[in-house]
Amino acid sequence: MAVTLADVAARARVSAATVSRVLSGNYPVAESTRARVLRAVEELEYVVNGPASALAAATSDLVGVLVNDIADPFFGIIAGAVQAEMGATVGEPGRGGEKLAVICNTGGSPERELNYLTLLQRQRAAAVVLTGGAVEHPDHAAAVAAKASRLAASGTRVVLCGRPPIEDATTLAFDNRGGARRLTEHLLTLGHRRIGYVAGPAERTTTRHRLEGHRAALTAAGADQDAERLTVHGLYDRASGYDATLELLRRERTLTAVVAANDTIALGVCAALRDQGLRIPEDVSVAGFDDLPFSADAVPALTTMRLPLHEAGARAGRLALGREPQPPGGVAMVRAELMARASTAPPRA
């Protein structure tokens with residue numbers, strides 16, 4: 001049975017009129033009362049269901065795109081491609097079918113991610129696209145799955161782009177394990193054995209999957225003896241790549257290669273190596289992941305695994321709007337492609 005305004009009022013111990021005032025935001029309400037009403041709305045998963053058809057029409061044109069950090073090119077490329085698909089159907093502006101894409105920047109906060117999903121449900125969003133790796137915590141995973149189920153039940157399409165599959169959502173999964181394995185295999189084929197790894201935050205699925213692929217390649221080659229010692233975790237940013245590289249060199253000065261969990265980290269790796277008087281790739285080879293736009297223009301050009309981020313974002317947008325058939329089983333794998341460039345070479349004899 002659908003939750004009513006009266007149910008929220010009873011839970012918050014206020015009148016239905018007070019609930020209405022809090023939700024409309026048009027009347028002054030004591031902060032303590034407002035907090036109590038909003039808590040009841042959240043606990044009961046109440047969705048505004050006013051009789052005005054204009055309200056329903058306004059909210060049905062909304063598509064939410066959740067990103068970790070819109071300033072990160074990885075998320076910016078995906079979000080931009082999703083947004084580009086929100087134009088008029090069959091590319092005819094002004095002929096109907098347009099949607100309003102709202103970018104929701106979570107800042108990596110699990111609480112903010114859940115809050116955005118609740119807000120989008122209340123607004124009766126036509127679709128929700130969640131991008132990037134998920135937080136590796138059972139409670140958060142269960143909460144996101146529950147939110148997705150409620151959104152789907154209310155008619156909202158839920159699409160995951162670069163996240164592990166969940167029920168009631170269509171998923172475009174990035175081949176992070178396979179791509180990371182092929183990247184490290186490339187270095188092993190060149191002759192490298194003392195390979196450092198700069199990983200992302202330990203609590204992220206993308207971090208775990210890429211590290212698993214790297215370790216799998218080392219294990220298959222019998223070169224994993226120091227894999228744990230030669231792994232340093234940090235954020236997905238340049239500063240973390242710089243600091244982690246200094247730590248790796250402290251642990252193993254004779255490193256011949258460093259693999260970074262993404263291209264932005266790789267920039268920091270390169271800067272730290274140069275500041276230590278080491279040449280790339282003559283002394284140390286460097287590889288990244290994602291093939292962000294600056295990768296080919298780095299000096300030397302960065303070897304990396306290319307994820308087709310724009311294509312994946314555009315497809316996520318089409319799936320969110322129902323313009324493309326669902327993949328078999330609701331899950332499609334997005335493959336990564338090795339881009340071997342000048343930042344990697346055989347180690348010196």
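Which residues line the second largest cavity? In this predicted model, the lining consists of Thr106, Gly108, Ser109, Pro110, Glu113, Val135, His140 and Arg204. Let's start with the enclosed spaces and then move on to the pocket, the cores and one buried glutamate.

**Cavities and pocket**

Searching the whole structure for cavities of 30 Å³ or more turns up 2. The largest cavity has a lining made of Leu66, Val67, Asn68, Thr106, Glu113, Thr131, Gly133, Arg163 and Arg204. Thr106, Glu113 and Arg204 therefore appear in the linings of both the largest and the second largest cavity.

The open space is worth a look too. The largest pocket is lined by 24 residues, and those closest to its centre are Asn68, Asp72, Phe75, Pro201 and Tyr236. Two helices, H5 (73–84) and H9 (205–220), are the elements that give two or more residues to this lining. Asn68 also belongs to the lining of the largest cavity.

Here are the spaces side by side, with volumes and lining classes:

| Space | Volume | Nonpolar residues | Polar residues | Charged residues |
|---|---|---|---|---|
| Largest pocket | About 470 Å³ | 8 residues | 9 residues | 7 residues |
| Largest cavity | About 50 Å³ | 2 residues | 4 residues | 3 residues |
| Second largest cavity | About 30 Å³ | 2 residues | 4 residues | 2 residues |

**Nonpolar cores**

Now for the packing. The largest nonpolar core holds 65 residues, and the members touching the most others are Phe74, Phe174, Val269, Leu273 and Val286. Helix H12, spanning residues 309–321, gives the most to this core, contributing 6 residues. A second, separate core has 15 residues, among them Cys104, Leu120, Leu130 and Leu151.

What does valine 286 contact, once its neighbours within four places in sequence are left aside? Its partners are Val258, Ala266, Val269, Cys270, Leu273, Ile280, Leu302, Thr303, Ser343 and Thr344. Val269 and Leu273 from this list are, like Val286, among the core members that touch the most others.

**A buried glutamate**

Finally, have a look at glutamate 45, which sits in the loop between helix H3 (31–44) and helix H4 (53–59). Is this residue buried or exposed? Glutamate 45 counts as buried because its relative accessible area is 17%, and the cut-off for buried is under 20%.

The side chain of glutamate 45 makes a polar contact of 3.3 Å with that of lysine 147. Another polar contact, of 3.4 Å, links the side chains of glutamate 45 and arginine 150. Beyond four places in sequence, glutamate 45 is in contact with Gln121 as well as with Lys147 and Arg150.

Key
Residues numbered from 1 in each chain as written. Predicted model: local features only at pLDDT ≥ 70, side-chain atom pairs only at ≥ 80, totals over all residues. Heavy atoms only, no water. Core = buried A, V, L, I, M, F, W, Y, C linked by side-chain atoms within 4.5 Å. Buried < 20%, exposed > 50% of the residue type's maximum accessible area, 1.4 Å probe, protein only. Helix = DSSP H or I, 4+ residues; strand = E, 2+ residues; numbered from the N terminus. Contact = heavy atoms within 4.5 Å. 1 Å grid on protein atoms, 1.4 Å probe; cavity = no way out; pocket = protein on both sides within 12 Å on 5 of 7 lines; lining within 4 Å. Points joined across faces, edges and corners; volume = space filled by probe spheres on them. Nonpolar A, V, L, I, M, F, W, Y, C, P; charged D, E, K, R; others polar. Polar contact = N/O pair within 3.5 Å; in protein donor to acceptor, adjacent residues only side chain to side chain.
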